[in-house]
Amino acid sequence: MADDGPMASSGDREPDRAPAPGDRNRKPEHATAPEHADRTTGTTGTTGTRDTTSTRDTTGTADDGEPTGNGSSRFGTPGRPLKRSSFLVGFTGAAGVLLAYALYLGVRNAAGILVLVVIALFLAVGLHPAVVRLRSWGLPHGLAVAVVALTVVLLLCGGLFALVPPIVTQSGQFIEQLPSYLEALRRNETVNDLVERYDLMERVQSAANADTVGQALGGVLGGAQLIFGTVFRGLTVLVLTIYFLAYFDRLRDLGYSLVPRSRRERVRLIGDEILTKVGAYMVGALSIAVLAGVSTFVFALIVGLPYPFALAVVVAVTDLIPQIGATLGAVIVSLVGFATDLPVGIACAVFFLIYQQVENYLIYPKIMRRSVSVNEVAALVGALLGVSLLGVVGALIAIPAVAALQLILREVVLPRQESR
């Protein structure tokens, strides 16, 4: 009965349980570490012991030698970061400036090649719909590219065949008739009076020295260099265009793969729409140019202009230039007409005046409405900027560039501004 008191007082405690086999080596609760300390030291549970077989050592390296949380690896622990001294900041800034300047020099020196690449890309984008159409008819990809490339080469050869013979013929006729022109000038009293008054013969003889001959020879070599350089650039553009056509799908997929995955689908949709607009513009522009050339050829045959096919090619090529190309071709043909006969020149001026009105208000809007819808003011400003930056090439790519910029503004920039 003396033991009942202690037994009654022990009801406030939890009943004792038999110790488990794993609890024999268990430390007292005052010797265990807090749970949050285990998270930082890499232990498991609350026993304060380290599990070296299943966890990484965050203060060193893992078993495979790879770097761990504090940056250490099997090559040792990295040192402390360098202090941001004024010398280090200045040196880094100077290196950045030098790198930017070197990049500028590289772009400037390669500007000619970059322009050729841009032209080839533009032509490849414009000709790609033709390749797609041929592939839809059952032709293999390589054969479709070959057919398109061969068509382009034949058109270029036809244009050269139309332009080169008239130039050579006219030059030969001028050289043959040059003595008669000089003889007519010598018989002219007014010309003889001017020659005696201003001592033109002495000036001509003094100018005909070695230096003048050397400059003339340099001019001839410069002209030959210009001709061969033009041929080389034309062949470069042709070869690049064929390569871009052959690998068009791969290049497009590569460009899209550079975009983050979260935005790739939207960029793909917008990019495909831009490529479609550029291709449609090229097809429409070529259609309008061919129509202008055919109309000029028929008119030249009716009025009796010399070299009608060459004049038609000139009008078709110049008509590809936005805003001013049609006017330029009309002026050239009208000058040839006035040189032939006055009524013929007047007829040429009237014909092109009427045809340009029909083209500007009927043909051009009907063809371009389905492909590229660009504001007229934006098109004019883009054409002027393109001419000032890249010359004729800039004028050719101005309208598609403005259409692409307009699409990006409408689909990306303006909705983002509205959501803010």
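Against which helices do the buried residues of α13 pack? In this predicted model, the buried residues of α13 pack against α10 (261-303), α11 (308-318) and α12 (325-340). The protein chain in which this packing is found has 15 helices and zero strands, and of its 420 residues 23% count as buried. Among contacts between residues at least 6 apart in sequence, 56% join residues at least 24 apart.

Helix α13 itself comprises 27 residues, from 342 to 368, for which a rise of 1.5 Å a residue predicts a span of 39 Å; the C-alpha atoms at its ends lie 36 Å apart, which agrees with that expectation. The helix is bent, by about 45°, at E359, and E359 is also one of the buried residues of α13, a set that further includes V344, G345, C348, F352, Y355, Q356, I363 and M368.

Of the partners of α13, helix α10 may be described in further detail. This helix has 43 residues and reaches 63 Å from its first C-alpha to its last, close to the 63 Å expected at 1.5 Å a residue, although a bend of about 30° is present at V267. Following α10 comes G304, a residue with a positive phi, near 85°.

Two packed helices are described by the angle between their axes and the distance between the axes. For α10 and α13 the packing angle is about 155°, and the axes are 11 Å apart. Because angles over 145 degrees count as roughly antiparallel, α10 is roughly antiparallel to α13, and the crossing in which α10 passes α13 is right-handed. On the α10 side, the residues that meet α13 are Y281, G284, A285, I288, L291, A292, S295, T296, F299 and V303; on the α13 side, their counterparts are V344, A347, C348, F351, F352, Y355, E359, I363, Y364, I367 and M368. E359, the site of the bend in α13, is thus also among the residues that meet α10.

The surroundings of a single residue of α13, V344, illustrate this packing. V344 has a relative accessible area of 13% and is therefore buried, the cut-off being under 20%. When its neighbours within four places in sequence are left aside, V344 is in contact with V303, L305 and G337; V303 is also listed among the α10 residues that meet α13. S334, ten residues from V344 in sequence, lies 8.3 Å from V344 in space, C-alpha to C-alpha.

How values were computed. Residues are numbered from 1 along each chain as its sequence is written. This is a predicted model: local features need pLDDT of at least 70, side-chain atom pairs count only at pLDDT 80 or more; totals for chains, interfaces and linings use all residues. Side-chain values use heavy atoms; hydrogens and water are left out. Helices (H or I, at least four residues) and strands (E, at least two) are DSSP runs, numbered from the N terminus. The expected span of a helix is 1.5 Å times one less than its number of residues. The bend at a residue is the angle between axes fitted to the seven residues ending there and the seven starting there. Buried means under 20% relative accessible area, exposed over 50%, partly exposed in between (1.4 Å probe, protein chains only). Contact means heavy atoms within 4.5 Å. Axes are lines fitted to C-alpha atoms, for helices over the stretch in contact, and angles run from 0 to 180 degrees between N-to-C directions. Angles under 35 degrees count as roughly parallel, over 145 as roughly antiparallel, 65 to 115 as roughly perpendicular and the rest as oblique. A crossing is left-handed if the near helix is turned anticlockwise from the far one by less than a right angle, and right-handed if clockwise.
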